[in-house]
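Biologist: I'm new to reading models like this one, and I'd love a close look at the sheet. Could you walk me through it and what packs around it?

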Amino acid sequence: MQEPELSVIIPVMNIENRICDVLNTLKEDTKGFSVEFLIIDRGSKDKTMQMALRFLRQNQLNGYVMQESGGNISQTLNAGIQYANGTYITFVFPQRIYQSYLEEFLKRQRKQMQSFCLDVNARNN
């Protein structure tokens, strides 16, 4: 399998009612790109992990669902980075819904030839 161009790290915790909406937004935003989704659970007590895994499978998306319980957000993001295979890496926090964020992010990274960039210009709705 070809390495993805973009790795999207998504830290989650207790968002079973929203995880599918978040992933669907990201799926739509990355159509036509080689992407992997790394969903890192921070110790959810609900069915966030199961819902995320089901969504990935049903939509035939490249990705993983992992548990990093007990860690702070930095440890969670670092765990995602360790498993990321993409040429470019970004984080998406589910508290925000990004519209056309990843497509523009990837275009900028291709142009600037950066391997890592924390994009603070994402629109928050």
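In what order do the four strands form the open sheet?

Modeller: Happy to help! This is a predicted model, where local features need a pLDDT of at least 70 and side-chain atom pairs count only at pLDDT 80 or more, while totals for chains, interfaces and linings use all residues. Residues are numbered from 1 along each chain as its sequence is written, and side-chain values use heavy atoms, leaving out hydrogens and water.

The order is β3-β2-β1-β4, with parallel pairing. Since β3 and β4 (88-91) are at the edges with a single partner strand each, one side of each is left without a neighbour in the sheet. From one strand to the next, the twist averages 20 degrees. Strands (E, at least two residues) and helices (H or I, at least four) are DSSP runs, numbered from the N terminus. Two strands count as paired if DSSP finds at least two bridges between them; β1 and β2 pair over seven bridges. Leu6 faces Val35 of β2 there.

Now for the helices. Helix α2 (residues 48-58) lies across β1, β2 and β3, at about 170 degrees to β3. Helix α3 (residues 73-83) lies across β1, β2, β3 and β4, at about 150 degrees to β1. These angles run from 0 to 180 degrees between N-to-C directions, with axes fitted as lines to C-alpha atoms, for helices over the stretch in contact. Contact itself means heavy atoms within 4.5 Å.

Which residues of α2 are buried? They are Thr48, Ala52, Phe55 and Leu56. Viewed down the axis of α2, these buried residues fall within an arc of 100 degrees, so they line one face of the helix. That arc is taken from the directions from the helix axis to the C-beta atoms. Buried means under 20% relative accessible area, exposed over 50%, and partly exposed in between (1.4 Å probe, protein chains only). Arg57 and Gln58, on the other side of α2, are exposed. The buried residues of α2 pack against β1 (6-12), α1 (19-29), β2 (35-41) and β3 (63-67).

Finally, the cores. A nonpolar core is a set of buried Ala, Val, Leu, Ile, Met, Phe, Trp, Tyr and Cys residues joined through side-chain atoms within 4.5 Å. The largest has 21 residues, and Leu6, Val8, Ile10, Leu23, Leu26, Phe37 and Ile39 touch the most other members. At least two residues of this core come from each of β1, α1, β2, α2 and α4 (101-112). Apart from it lies another core of eight residues, including Ile9, Leu38, Ile89 and Phe91.
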